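Okay, thanks for making time, everyone. I'd like to walk you through one structure today, so let me put it up on the screen.

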Amino acid sequence: MYINIHTHNIELRENVCSVVNFKIEESLPDYRGLYSIGIHPWEIRSLSSYDSHKLLSKLSDEQAFAIGEIGLDKLAECDMALQIELFKTQIEIANRLKKPIIIHCVKAFNELLLLKREIKTNAIIHGFRGKPQLMKDLCKAGFFISFGEKFNEDSLKEVPMDRLFLETDDAKIDIQSIYQTAAKIKQCDISILEKSIEENFQKISHTFVNI
């Protein structure tokens, strides 16, 4: 079984368990798999107001696996103080519901690490492309690290198996291809990679997910 921890592709595939990301403002389609939902830093300015009840109502669905992607982005056209405030609000919701969070972070890892104490639930950095030292700092702080189509090869090679996830994000590539690439870089059999990521997936789930 392949775990795709973050994707925008709603197509269900055999032997793949995907967490599909949806926007807070859009109506959920007739999708039968797991999903994440939250307010992305890029979307803050387009919202007339933030209604936590709207997010909570969508997270009440059993298919709502995680809150995400949420986080901090210094390239977004939004004040960092407002981003941090909204990020904290969504962290509080995740803590209360005991759901993992999927984090989008661009050029704001110092700010993210300072907020780690407020995160009481499991947290995944999605689409990580940073260098090994940053990866190690994030793992030491308790974050999981997810790699997609583009990444720093040394970081993927050195990331601990018990902190690792893989994803396709919005890339037009199969998750199986990401697994094959990762197994080659980590110099391990792909079955070992599958087993480790499946164990990580069950570890972050509040309730057991039958995959």
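I'll go from the overall fold to one helix, and then to the salt bridges.

One thing up front: this is a predicted model, so keep that in mind as we go.

Right, the big picture. We've got seven helices and eight strands in this protein. The radius of gyration is 16 Å, close to the 17 Å that the globule rule gives for 211 residues, so we can call the protein as compact as a globular protein of that length. If you want a box for it, the C-alpha atoms fill roughly 50 × 40 × 30 Å along the principal axes. Of the 211 residues, 51% count as buried. The accessible surface is about 10900 Å², and carbon and sulfur atoms hold 46% of that. And for the contact-map people: take contacts between residues at least 6 apart in sequence, and 55% of them join residues at least 24 apart.

Now let's zoom in on helix α6, which runs over residues 175-186. That's twelve residues, and from the first C-alpha to the last it reaches 16 Å, close to the 16 Å you'd expect at 1.5 Å a residue. Which residues of α6 are buried? They are Ile175, Ile178, Tyr179, Ala182, Ala183, Ile185 and Lys186. Yes, there's a lysine in that list: Lys186 is buried along with the others. Look down the axis of α6 and the buried residues fall within an arc of 165°, so they line one face of the helix.

So what covers the buried residues of α6? The cover includes strands β1 (2-7), β2 (16-23), β7 (144-147) and β8 (164-166). On the helix side, α5 (153-158) and α7 (190-204) are part of it too. And just after α6 ends, Gln187 takes a positive phi of about 55°.

Okay, salt bridges. How many does the structure hold? Six. I'll show you a few.

Start with Asp174 and Arg13, where the closest N and O atoms are 2.0 Å apart. Asp174 sits in the loop between β8 and α6, while Arg13 is in the loop between β1 and β2, so this pair ties together parts that are 161 residues apart in sequence. Asp174 is partly exposed, at a relative accessible area of 34%, and Arg13 is partly exposed at 34% as well. There's also a network here: Glu11, Arg13 and Asp174 are linked by salt bridges.

Next up, Lys74 and Glu111, with an N to O distance of 2.8 Å. Lys74 is in the loop between β4 (64-73) and α2 (80-97), and Glu111 is in helix α3 (residues 109-114), so here the pair ties together parts 37 residues apart in sequence. Lys74 comes out partly exposed at 44% relative accessibility, and Glu111 is partly exposed at 21%. The cut-off for buried is under 20%, so Glu111, at 21%, counts as partly exposed.

Last one: Glu199 and Lys195, at 2.5 Å from N to O. These two are four residues apart in helix α7, separated by about one helical turn. Buried or exposed, where does Lys195 land? Exposed, at 53% relative accessibility. Its partner Glu199 counts as partly exposed, at 43%.

That's what I had, so over to you for questions.

Notes
Residues are numbered from 1 along each chain as its sequence is written. This is a predicted model: local features need pLDDT of at least 70, side-chain atom pairs count only at pLDDT 80 or more; totals for chains, interfaces and linings use all residues. Side-chain values use heavy atoms; hydrogens and water are left out. The expected span of a helix is 1.5 Å times one less than its number of residues. Buried means under 20% relative accessible area, exposed over 50%, partly exposed in between (1.4 Å probe, protein chains only). The arc is that of the directions from the helix axis to the C-beta atoms. Contact means heavy atoms within 4.5 Å. The radius of gyration is taken over C-alpha atoms; the globule rule is 2.2 Å times the number of residues to the power 0.38. Accessible areas come from the Shrake-Rupley method with a 1.4 Å probe; for residues, only the protein chains shown count as cover. A salt bridge is a side-chain nitrogen of Lys or Arg within 4 Å of a carboxyl oxygen of Asp or Glu.
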